[in-house]
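Here is a short report on how two chains meet and where a ligand sits. Have the structure open while reading.

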Amino acid sequence: MLYSAHLHIAADALNSQDRVLVAAGTVFGQIILWSAAMVPSSSGINALKNPKTYRRLLGHEGSIFGVNISPKYHGGKCYLASCSDDRTIRIWDISQFDSSLPLSDDTEIKKTGFGHEIAQEGRCISVGWGHGARIWGVQFLPVTKESSIELLSISEDLTSRFWAFDPGQENSGNIELKSIATYRLHSGKHIWSYALDFERGLLATGGADGKIGLVRYRDDQASREEAWGMDSVLTQIGDSREGLGEPNHKVKKAHDAFKEYAALDNDCFAATTTLGRVLTYRLSQKRWDLLGQWTGLKGWSILASWEDSDLIVLGGNNGQVGVLDTASKQEWWWQSMAGENGKVAGVFLGRYYILTTALSPAIFSLHSFKMDHSESPPVLIDRETLLLQSPARAGDTKFLVTSLAISQRTDHLFLGSRTGALAIYDLSSTVSPLCALSHTLVHPTDAITTILPLKSGILTTSRNGEYSRLSISPPPNIRLTKTHALKPSFVIEGARQEDSLTLWGFHGKNFTIIDQTSQHEVHSVACGGAHRSWTHRLNWYFVWTKAGKAHLARTYPRRKLLQSGLHGREVKSIATHGDLIATGAEDTLLCLSTLSSSGQLCPCAVVGTHTTGIHALQFTPSGEYLFSAGGAGELLAWRVRSANEIVLGGTCEGWSDLRVEGFDLLPVEGVGERGEGGMLLAIGYSDSTIRLYNFSPSTGAFNLVMKGTYKTCCILHVKFLPNNDGILVAGTDGYLSIYPLSDPFSPTSPPHPLPLPPKLVEKRIHQSSVKALSVASRANGVYIYTGGDDCAFGITRVDTKNSVAESWIVPRAHASAVTAVVCVGEHVLTAGVDQQVKLWKVSEGEEGITVEMREQRGSAVADISAAEMAGGGKVVIVGVGVDVWEASDEL
Amino acid sequence: MTPLPGVTTLQADITHPSTLPLLLRHLGNKPADLVISDGAPDVTGLHDLDEYIQSQLLLAALNLATCVLKPGGGFVAKIFRGRDVAIVFAQLRCLFDRVTCAKPRSSRGSSIEAFVVCEGYSPPAGFKPSLEAPLGLGTDVKEIELGEMEGGEDGDRDTQEARYIAPFIACGDLSEFDSDATYALPEVDEFGQKWKSRDPIQPPTAPPYKTALEMRRQLGGGGLSTS
Ligand SMILES: C[S@@+](CC[C@H](N)C(=O)[O-])C[C@H]1O[C@@H](n2cnc3c(N)ncnc32)[C@H](O)[C@@H]1O
């Protein structure tokens, strides 16, 4: 069985016919190289004649998923590349393939599995390692340099990689296949497809996530990193003096070292050194310049800049703070804290404000000034200093400032602290020292790294990996409410909100920039990790210190998404509230989307808090809360304001070895301590236990009120029946069971959980798993529609008052498991793994129930797992992908 | 898999033209009562491809079955219950009296796999099994006469393809372990001894990426991270 092939048509020098050269990769790790002559025929379709097998290439330890024959390179060299389940790429030299005799006939081979007996002709000249999963495709690039042959590969591990080897090394018998660039624009699993445009140097990739990514690979790989040792910088600026006034001692100059960096604009950044030098670097001219050297900056300096203003701020070891115009070289210095001569511990900027803090700050100084541009060069005027009382209360840990923002609109000053607190000051007040209007813990308990004033409210990022949007109620009673909070799981250092939200920070050993809105990596620089001095100019460059050297990498936006996507693995669950759609998938992500009137799903927030697949989702009737559950027994409560605003509202206890496949909720009154409304949750687990919890939205607490065991099978569905008629349970055993629910259900949490009462009803409907279930209240009773793994569609009418259930079954309703059942008005829609969507009319007459299939259509979604009604009479079907159907009741 | 006592074990690609003659040679001239196939690929995640490969394995086993089964014989094979499973059922019905789809308790309900059980081998009159021209693996490319296609009547030939939904049967005892459920281990075994987990009788075979994992460990994962 072949998994891959590549054809190459070449003129045969001996005959006047063309030959087609075929490389084919088998499921059992063999590559067969053969050719056949193309003989023209009268019909215009060539016939193939005279096949010859040249090579049977062995070495791969897994199936061959891709093969590629290279173009003819310098010196008539020709190579074959192969990629495999064994996660390697192999290069074979096939330049001389047709000079050898063809191999014997194929059918003589006795062993075609792994463990081949015969090793035949053909030399693997290099093996490339690096992909973390199966490699689906490989392709040679046309040669651009004689000394380097390049290839591209795509993989299940979500990356596309460029590789290079030097064919000149072949004689030394040791060719290294080097990975030269890696791109990751997809999420979930798999890059399935790609296209290359060699002329423009473009690579497009398609993933299982439905995204199409585009990389300007040639430009990206051309702009390499730059790095400088202090020696070379000092030599370049022609400054080799050690300290001020010291004689020229060349031997000593290595003592200086890079200290801090600040980006000035697209082309220039500034740096301070431990010996008090202040330098600038101009990218376009590749030139370092010395602005000066100050004793006050020796051993200790703080550097910050107002981007695009030419101005930098310096904080010294003597308490002096200075503003430097890098263009005119003018400088203005003053004492940062009245009466304090200690070092400036930090400077934080707003335009043009400087907040300086000392090492043990009870008071901060906020310096403000203006630049008078009527003068040439502009001069600093109107300098004022305002004192701020640190918001830390007696007994509190110190408020160590880590970030600052000023909202011109509200005249508010925001300060973020190292332990995740946020303070707000009113700058229009004249009180001195100024006290904070509010002081709130926003990101317990890690540093707030950025505060961005938005059109309404603010956005904060934290080193704990979280970012959040906060709304702020107007004074005097300022209250902060998190309207959105997510944790993309890296150390967030900065953010910019434009049409989309860009976040940057450190992820392992890399500095990474991600587009949070469309969920892709914009750039990644291997810098060694978080603990270092650095500066960053979004879309231009990143500067950092590594092993004593200053490094610079360009971060031009060379990647973008041509099409956004949804989940990168099977969608397992869906919940809807009008046009708001929540989907949960095996990629562990929870996605909120809106449904456009044309039936398009527009992804908004993506939440990655779950640690395993999300198998069940449910909105409260008001849509205010969403619950998600899945592997590791996880069940989370979310407060949802819109498709863009979601905040974790509570976490139920979990069990790492259990799964939740089904749960339901019921709004109840008087759950919390203050007697406010809450939710009763009934959760079914894979070990057959059923637990009922009270959830209090105000505290986010889950209290266990009832617990019992159903059988030994896995529970797949739990539903509260209408009118408090009971709790319906279905599992892998094919039964429907109903437990009574005492009416009204006592809202107070008992000291010990109550046992589950005996079942009211128990009835076998399906031969095995009840895969899908939907409940409808009709004029003559409650109906339960079910889909089974046994291909059947079940209809059950229950009368809980009299503990009776009557069932009808449609066997062979689908060709495979029926995995979705939804009520569409008076009709019932079913869908299954056979990718068929069927609409049934179920009517009740004198002789019982009649079922009639009204319509049947094919769906493009494989492995359908659920379906749900959404706004505007649409049905959303999820599986490997998403389908939206218009379902009118008139059918 | 590890060889079993009393069983002749061969390792070969069942879809390879050299494999069926090899199997026939081992069977001698005795017709068989039953042919079973548990062949399955490592799934890729592309459902269409996985289902296609699975049905190709089934077809290869069926070609063997047609050569060796005695009339009335049986054929059991692993099948993926995906989009076009009904076409495979319909095709099998041409050769067997009864075709059923069975899913044992030991097969996870969440998995797409099941087994097709074909009973009563009775090929249509005139059917000649052949290794040279196996079923479904036509090698001749016929030249199409253009005139034939212009009729337009065959426009949706695809949808007219014969499909058959085989009856489904869940087999195995319902009281057996449920492969989708989670169980707590008992404290003691059937002899009252403290419970000890035993090694599997047949340990999993080494994955094809075993060497890659070792390489990765040596390189310390630097620059190789995927997540
Ligand atoms: C589900 S396992 C069979 C397990 C086996 N019944 C046992 O008890 O150990 C499926 C097997 O099919 C094999 N297989 C896949 N493709 C094949 C092919 N083309 N020819 C032969 N075997 C194949 C795989 O290597 C795998 O070992």
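How much area is buried between chain A and chain B, and what percentage do carbon and sulfur atoms give? In this predicted model, the area buried between the two chains is about 4600 Å². Carbon and sulfur atoms give 54% of that. A:Met1, A:Trp129 and A:Arg812 supply 14% of the area that chain A buries against chain B, more than any other three residues. The contact draws 59 residues from chain A and 57 residues from chain B.

Polar links come next. The rule finds 14 residue pairs in polar contact across the interface, both at pLDDT 80 or more. It also finds 1 salt bridge between chain A and chain B. A:Asp789 and B:Arg81 meet in a salt bridge through their side chains, at 2.5 Å, N to O. On the side of chain A that touches chain B, the residues divide into 18 nonpolar, 19 polar and 22 charged.

Now the ligand. Residues from chains A and B surround the ligand, so the site is shared between chains. Chain A residue A:Phe28 is in the shell, along with residues including B:Met1, B:Leu57, B:Lys78 and B:Gln202. The shell residues divide into 6 nonpolar, 2 polar and 3 charged.

Nitrogen atoms of the ligand have these polar partners:

| Residue | Partner atom | Distance to a ligand nitrogen atom |
|---|---|---|
| B:Asp13 | N or O atom in the side chain | 2.8 Å |
| B:Ile14 | polar backbone atom | 2.9 Å |
| B:Asp38 | polar side-chain atom | 2.6 Å |

Taken alone, the ligand exposes 600 Å², and the protein buries 59% of that.

How values were computed. Residues numbered from 1 in each chain as written. Chains lettered and ligands numbered in written order. Predicted model: local features only at pLDDT ≥ 70, side-chain atom pairs only at ≥ 80, totals over all residues. Heavy atoms only, no water. Contact = heavy atoms within 4.5 Å. Buried area = accessible area lost by both parts, 1.4 Å probe. Salt bridge = Lys/Arg side-chain N within 4 Å of Asp/Glu carboxyl O. Polar contact = N/O pair within 3.5 Å; in protein donor to acceptor, adjacent residues only side chain to side chain. Nonpolar A, V, L, I, M, F, W, Y, C, P; charged D, E, K, R; others polar. Near = heavy atom within 4 Å. Areas by Shrake-Rupley, 256 points an atom, 1.4 Å probe, with all protein chains shown as cover.
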